[in-house]
Amino acid sequence: MNAYTGDGDEPVDDGGPPRGGLTTGEVARRLGVAPTTVRTWDRRYGLGPDAHVDGRHRRWTAADLARLERMCALTATGLPPAEAARLARSEERPTAAGARNTDAARRAPTGRRSRAGSGLQLGDVRQECRGIARAALRLDAAALDELLLAAIAEHGLVAAWTEVIVPTLQAVGRKWETSGEKYVEVEHFLSWHVSGALRRAAPPAVEDRPGSTTVLACVPGENHTLPLEVLSAALTERGVPVRMFGGALPVESLVAAVRRTGPAAVGLWSQSRTTASRPLAQHVAAMEWGVRGARRRPVVLTLGPGWAGQAVAGLARPSGLAEAVAALEPSVYP
């Protein structure tokens, strides 16, 4: 497991509504749409719940949810909403070019494994993953932002990243790899909105404290910045001053940044073994600053799967986001 991915093996419920049914908001989160979309489908296409509870609150049963999931699956194939709604209600087959995709949607499993309306296998994951995946597949920016921010608010940055965002990103990546490079736009779309959600959810930058800053950068040639973005947000949330330099920082620029900030710690991210550089990590770890007789060196962390098999003696290599945060906090607050 690399430094910022989770297994996605945490036990979850079977995906069905609890006894008494789901509220409209809960249905919307599972589907990856806004609550207003669910209400619109009810009002405009007759896809509302079959019954009310106590004549007051709408509650959605397993059959109601299955009908809406079919609606999502059909619209993801490109069918117009009105046609998709007719098919979702009647279980008829489409007569147009969408027939093949609709048949695939009909065969999609309804238990613990979700296809998110487009053959996107998620496995055993939190319900939020399914909603986020569906919103990403539909390229629904508003719903995706809402769902990502809600997951971060509910679970916190670390748990939301490890248990919700990473499994969804991994599923999209697997789909891209196994479908002849289709869905690249979905991967880029989801990554962009995850980055935006992390920035919006993070508190304001912490003011510098001499000798307490953490420098985060991708090694030269490495442009996968999302893992560092979530680490930066998590450290800021904990009151740690962070200087984030993003992707593919040139060697001379990294050295200049370390000399100028005199950081307590430096995190170097590498996604691929082709970018991990043991000499670079050793050079940064050997850098000194401060007055003679009291010079300091930074704690250097090698982060990411690129460092697998490239272990640097004396340098930490955390196995996950929580471990990285735990390793960096003592370096700032010894």
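Buried residues account for 49% of the 334 residues in the chain, in what is a predicted model. The accessible surface adds up to about 15,800 Å², and carbon and sulfur atoms hold 51% of that area. As for secondary structure, the chain is built from 13 helices and 6 strands. Many of its contacts link parts that sit far apart in the sequence: taking the contacts with a separation of 6 or more, 68% are between residues 24 or more positions apart.

Next comes the inside of the chain. In soluble globular proteins, nonpolar side chains tend to be buried together. Here, the largest nonpolar core has 45 residues. The members that touch the most other members are W161, L190, V194, L231 and L235. When it comes to which helix chips in the most, the answer is α8, spanning residues 157–178, which gives 9 residues to this core. L190 is a handy residue to click on. Leaving aside residues up to four places away in sequence, L190 touches I132, A136 and L144, and also T168, L169 and V172.

Then there is the sheet. Four strands make up an open sheet, and reading across it gives the order β4-β3-β5-β6, with parallel pairing. The edges belong to β4 (242–244) and β6 (299–303); each has a single partner strand, so one side of each has no neighbour in the sheet. On average, neighbouring strands of this sheet are turned by 15 degrees against each other, ignoring direction. Zooming in on one pair, strand β3 (residues 214–218) and strand β5 (residues 265–269) run parallel and are joined by 5 bridges. Within that pairing, V215 stands opposite V266 in β5. The sheet also has a helix lying over it: α10, residues 226–237, lies across β3, β4, β5 and β6. Its direction makes an angle of about 170 degrees with β3. Angles over 145 degrees count as roughly antiparallel, so α10 and β3, at about 170 degrees, are roughly antiparallel.

Closer to the start of the numbering, two helices cross each other. Helix α1 covers residues 24–31 and helix α2 covers residues 35–45. Their axes come within 8 Å and cross at roughly 105 degrees, which means α1 is roughly perpendicular to α2. The residues that meet at this crossing are T24, V27, A28 and L31 from α1, and P35, V38 and R39 from α2.

Definitions and conventions. Residues numbered from 1 in each chain as written. Predicted model: local features only at pLDDT ≥ 70, side-chain atom pairs only at ≥ 80, totals over all residues. Heavy atoms only, no water. Helix = DSSP H or I, 4+ residues; strand = E, 2+ residues; numbered from the N terminus. Buried < 20%, exposed > 50% of the residue type's maximum accessible area, 1.4 Å probe, protein only. Contact = heavy atoms within 4.5 Å. Areas by Shrake-Rupley, 256 points an atom, 1.4 Å probe, with all protein chains shown as cover. Core = buried A, V, L, I, M, F, W, Y, C linked by side-chain atoms within 4.5 Å. Pairing = 2+ DSSP bridges. Axes fitted to C-alpha atoms, helices over the stretch in contact; angles between N-to-C directions. Parallel < 35°, antiparallel > 145°, perpendicular 65-115°, else oblique.
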